[in-house]
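User: I'm new to this structure and would like a close look at one part of it. Could you then walk me around the rest, keeping it informal?

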Amino acid sequence: MTTGPLSPITPAEFGTRVAPMYINGRWCLSSAGLVADDVNPATGAVFAQVAQASAEDVNAAIAAAHAARTGWAAMLAGEREALLLRAADLFAAHRDALRDLIIQENGSVWIKAPWEVDYAVDCLRSAAGCIRQPHGETFPTTTPGVVSMTIRQPLGVIGGISPFNSPLLLGMKKVAFALAAGNTFVLKPSELTPLVGLKMAEIFEQAGLPPGVLNVVPGDAEVGRLLVSDERVRMITFTGSSKVGRVLAAECGRHFKRVCLEMGGKSPTVVLQDADLDYAVDAAAFGIFFHQGQVCMSNSRIIVEKPLYEAFCEKFVAKARTIRVGDPRSPETVVGPLVRESQAHFIMGQIEDAVGQGASVLTGGTHEGPYFQPTVLTGVTPAMRIYGEESFGPVTSIYCADDFDHAVHLANDTSFGLSSAVVTNDLQRAFEFAHRVESGMVHINDTTIADEPHITFGGVKNSGLGREGGEASMHEMTEVKWVTFQLGKRQFPF
């Protein structure tokens, strides 16, 4: 492994040297000399090269986290809290640089990138607040003179695999709560957005995080496999596709390792016949076109009760045609580039399959490179790929529901179950929907896209396993231990 005076790459140096990884408080190149190109989705141009972790590097990162775990867990709550708050202030101070990096590396549009930075800051502050929460309980017992309690202790080393679509937000949600709970961390950022993960390490280093507590090792799927198979890593936390998540769950089970999965979605927005039409259109449009539909919670299915269906379709299509597609650096742009042009080809395959079987494209259905036009389909049936497959693009299908019960049936007719929304003025129907819909989250009179770092987040069915955020993360990332204390001498039967 090469170590020394290397530092994280700066924008002025993009293309002039390799961005190093971060292991045990040091910036280092790949021990095997591995590098990969980092591509700007908006232009297709390579703007940096990033060191890629070898098996030796991953082992070094895990070893560093394993060695640091005892000291970090023993740090006083107030000290750990102060460090996370200091990091939050530094992330806030670097807001503009982080925003620009997210736009360049991820293709995020102007309205999304700064929101992601603000979320990361809020996440750190929420995690800092969780450090002082009481996590144990006391219990009455049937044994004389026994005080019975539980305490929560950190797991040790946690491995995190973060996605490309919100690399800072979703990376921070894993790292911040793991550190708050007293764990150390090895982060594998997405192959498509490694510099955001490395920037996280840089700022945590500035905040005074001890060496080994956070390690960032860019690389391909082999890095994830090594994290899963190493017995020193006690938990894997993952955000990404359901296909990969199911493999991870099986492997973690084989290695008897805790796992938390936040995966894909085919989230429904249900519009009942009494809804405010214009509001429903706006909510559903935000729910699918924000970040060009590259959000796990996107409402790629819109289900409308029959009396409102025709009017909704007309107004929604008109709204979609006003959505500006283009340069993500422009404040007026709503839909920027997909992360890679290959995703546009995947979506076109879904659309062609649907149209070939009788579906109609009301607007969109075309792309120029990675820039996909906002697209609306009708007439989609279960026989079509797009009915059940996640598109992860600015594409939605509108379905006509005969009545409320039919709308609920359609909402649940999917293997996914991440988020959902219902737009209605009928409080009885709203709460009935909340109880009957098969999803981890339900939003009444709102969009399907919602996330706050202190609130429990996660899905059911093929959308997830476990929960993230606030107290949920603290529970997932700690071990419960039962402790008893005998007052006086217990009388034994022999």
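Which side chain makes a polar contact with the side chain of T478, and at what distance in Å?

Analyst: It's R152: the two side chains, T478 and R152, are joined by a polar contact of 2.8 Å. A polar contact here is a pair of N or O atoms within 3.5 Å; within protein, one must be able to donate a hydrogen and the other to accept it, and residues adjacent in sequence count only if both atoms are side-chain atoms.

Before going on, a word on what you're looking at. This is a predicted model, where local features need pLDDT of at least 70 and side-chain atom pairs count only at pLDDT 80 or more, while totals for chains, interfaces and linings use all residues. Residues are numbered from 1 along each chain as its sequence is written, and side-chain values use heavy atoms, with hydrogens and water left out.

Back to T478. It sits in strand β23, which covers residues 478-486. (Helices, H or I of at least four residues, and strands, E of at least two, are DSSP runs numbered from the N terminus.) T478 has a relative accessible area of 6%, so it counts as buried. That word means under 20% relative accessible area, with exposed being over 50% and partly exposed in between, using a 1.4 Å probe and protein chains only. The side chain of T478 also has a polar atom 2.6 Å from the backbone oxygen of M474. If you set aside neighbours within four places in sequence, T478 is in contact (heavy atoms within 4.5 Å) with R152, Q153, P154, L155, A181 and R258.

Now zoom out. The chain's secondary structure adds up to 15 helices and 23 strands. Its radius of gyration is 24 Å, close to the 23 Å from the globule rule for 494 residues, so the chain is as compact as a globular protein of that length. That radius is taken over C-alpha atoms, and the rule is 2.2 Å times the number of residues to the power 0.38. Along the principal axes, the C-alpha atoms fill a box of roughly 75 × 65 × 40 Å. Buried residues are 55% of the 494. Among contacts with a separation of 6 or more, 72% are between residues 24 or more positions apart.

N215 is another good stop, in strand β10 (residues 214-216). Its relative accessible area is 0%, so N215 is buried. The side chain of N215 reaches the backbone oxygen of G212 at 2.9 Å. Beyond four places in sequence, the contacts of N215 include Y22, I23, N24, A61, F185 and V186.

A little further along the chain comes helix α7 (residues 221-229), with V223, G224, L226, L227 and V228 buried. Their cover includes α1 (55-74), β8 (157-161), β9 (184-188), β11 (233-239) and α8 (242-254). At the start of α7, a side-chain oxygen of D220 comes within 3.0 Å of the backbone nitrogen of E222. As background, an α-helix has 3.6 residues a turn, so residues three or four places apart point the same way.

Next, helix α9 (residues 277-289) holds A285. At 3% relative accessibility, A285 is buried. A285 and K319 are 34 residues apart along the chain, yet their C-alpha atoms are separated by 7.5 Å. Not counting residues up to four places away, A285 touches F290, F316 and K319.

H291 lies in the loop between α9 and β14 (301-305). H291 has a positive phi of about 50° although it is not a glycine, and at 0% relative accessibility it counts as buried. K461, also not a glycine, has a positive phi near 55°. Its loop runs between β21 (443-444) and β22 (464-465), and K461 is partly exposed at 35% relative accessible area.

Last stop: D403, in the loop between β19 (395-401) and α13 (404-412). D403 is partly exposed, with a relative accessible area of 37%. A polar atom of its side chain is 2.9 Å from the backbone nitrogen of H406. From D403 to A472 it is 69 residues in sequence and 36 Å in space, C-alpha to C-alpha.
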